[in-house]
Amino acid sequence: MDTTPPRPGDLSAALPELPLFPLPQTVLFPGALLPLHIFEPRYRALVRDALETHRILSVVLITDPRAIDAHGHPAIAGVAGAGEIIDHAELPGGRYNILLRGRARVRLAERPFVPPYRTAAATVLEDEPGEVSAQDHAALISTAASFAALVRDRDSNFEFRLPRDAATSLVADLCAHHLILDARERQTVLETLDVVARVRRVTEALALQQLALASAARDVN
């Protein structure tokens, strides 16, 4: 039996018993960065365990906080983002600040609960093959830039930049992670494996947000 501890960042080692960090209004996308402050005892234990092994955990959206199971746990989505802790600081009282980088979309099959935190057997979800047209790619970039500019007009501290020469799938994911306001819409984008459909959905969501923001500004004026 191999007792070699998993290497930091070894996603495959984490998948059979992936630690779950359920959160409201939060969806983690591949390639995105997510800072988190960890203060609950069960999640402090989760982070300690992850740091001592593969450094992987899954941020999963709470879909209905009123739907509680026998352990007092809320209902969660069946698809989530798996991320790697790429930086952390231990704080007084055992709290942590961590920085996650999204590594993959995963489908979750929750395991029987063993305290203190939830786990799942996870399967990596790959993008479905398909070629995004230059027109769809340009529409996504333009719409994201327009919406980000509107936000920046209202908040000078807001920054949004895309990596140079990033694949369109990554561009769509980063736009969804940082710019789509509604968590349910972000979750739908996360679950969309067809990249062409994902790009168009993100573009449409951002265009609708831009219209709503512009309309609200006109009403104020």
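**Exercise 1.** In this predicted model, decide whether Tyr43 is buried or exposed.

*Solution.* Step 1: the relative accessibility of Tyr43 is 7%. Step 2: the cut-off for buried is under 20%. Step 3: Tyr43 therefore counts as buried, at 7%.

**Exercise 2.** Find how many aromatic pairs there are, and classify the pair of Phe21 and Tyr43.

*Solution.* Step 1: the count comes to one aromatic pair. Step 2: in the pair of Phe21 and Tyr43, the ring centres are 4.5 Å apart and the planes make an angle of 35°. Step 3: planes under 30 degrees apart would be stacked and those over 60 edge-to-face, so the remaining angles are called tilted. The pair of Phe21 and Tyr43 is tilted. Step 4: to place the partners, note that Phe21 belongs to strand β1 (residues 18-23) and Tyr43 to helix α2 (residues 41-52). The two are 22 residues apart, and the pair links distant parts of the chain. Step 5: Phe21 has 7% relative accessibility, so Phe21 counts as buried.

**Exercise 3.** State which strands pair with β6 (residues 96-110), and in which sense.

*Solution.* Step 1: strand β2 (residues 33-38) runs antiparallel to β6, with six bridges joining them. Leu34 has Leu100 in β6 as its bridge partner. Step 2: strand β5 (residues 79-90) is also antiparallel to β6, over 11 bridges. Here Gly83 is opposite Gly102 in β6. Step 3: five residues lie between β5 and β6, which form a hairpin. In its turn, Gly93 has a positive phi of about 80°. Step 4: strand β7 (residues 119-125) is joined to β6 by six bridges, again antiparallel. Arg105 has Leu125 in β7 as its bridge partner.

**Exercise 4.** Describe the nonpolar cores and the surroundings of Leu108.

*Solution.* Step 1: the largest nonpolar core has 49 residues. Among those with the most contacts inside it are Leu18, Val106, Leu108 and Cys175. Step 2: leaving aside neighbours within four places in sequence, Leu108 is in contact with residues including Leu18, Val60, Ala80 and Ala121. Step 3: another core, of 19 residues, lies apart from the largest; Leu28 and Ala45 are among its members.

**Exercise 5.** Determine what the side chain of Glu185 makes a polar contact with.

*Solution.* Step 1: Glu185 is located in helix α5 (residues 183-191). Step 2: its relative accessibility is 18%, so Glu185 counts as buried. Step 3: leaving aside neighbours within four places in sequence, Glu185 is in contact with Ile180, Arg201 and Ala205. Step 4: the polar contact joins the side chain of Glu185 to the side chain of Arg201, at 2.6 Å.

Conventions. Residues are numbered from 1 along each chain as its sequence is written. This is a predicted model: local features need pLDDT of at least 70, side-chain atom pairs count only at pLDDT 80 or more; totals for chains, interfaces and linings use all residues. Side-chain values use heavy atoms; hydrogens and water are left out. A nonpolar core is a set of buried Ala, Val, Leu, Ile, Met, Phe, Trp, Tyr and Cys residues joined through side-chain atoms within 4.5 Å. Buried means under 20% relative accessible area, exposed over 50%, partly exposed in between (1.4 Å probe, protein chains only). Contact means heavy atoms within 4.5 Å. Rings of Phe, Tyr and Trp (its six-membered ring) pair if their centres lie within 6.5 Å; planes under 30 degrees apart count as stacked, over 60 as edge-to-face and the rest as tilted. Helices (H or I, at least four residues) and strands (E, at least two) are DSSP runs, numbered from the N terminus. Two strands pair if DSSP finds at least two bridges between them. A polar contact is a pair of N or O atoms within 3.5 Å; within protein, one must be able to donate a hydrogen and the other to accept it, and residues adjacent in sequence count only if both atoms are side-chain atoms.
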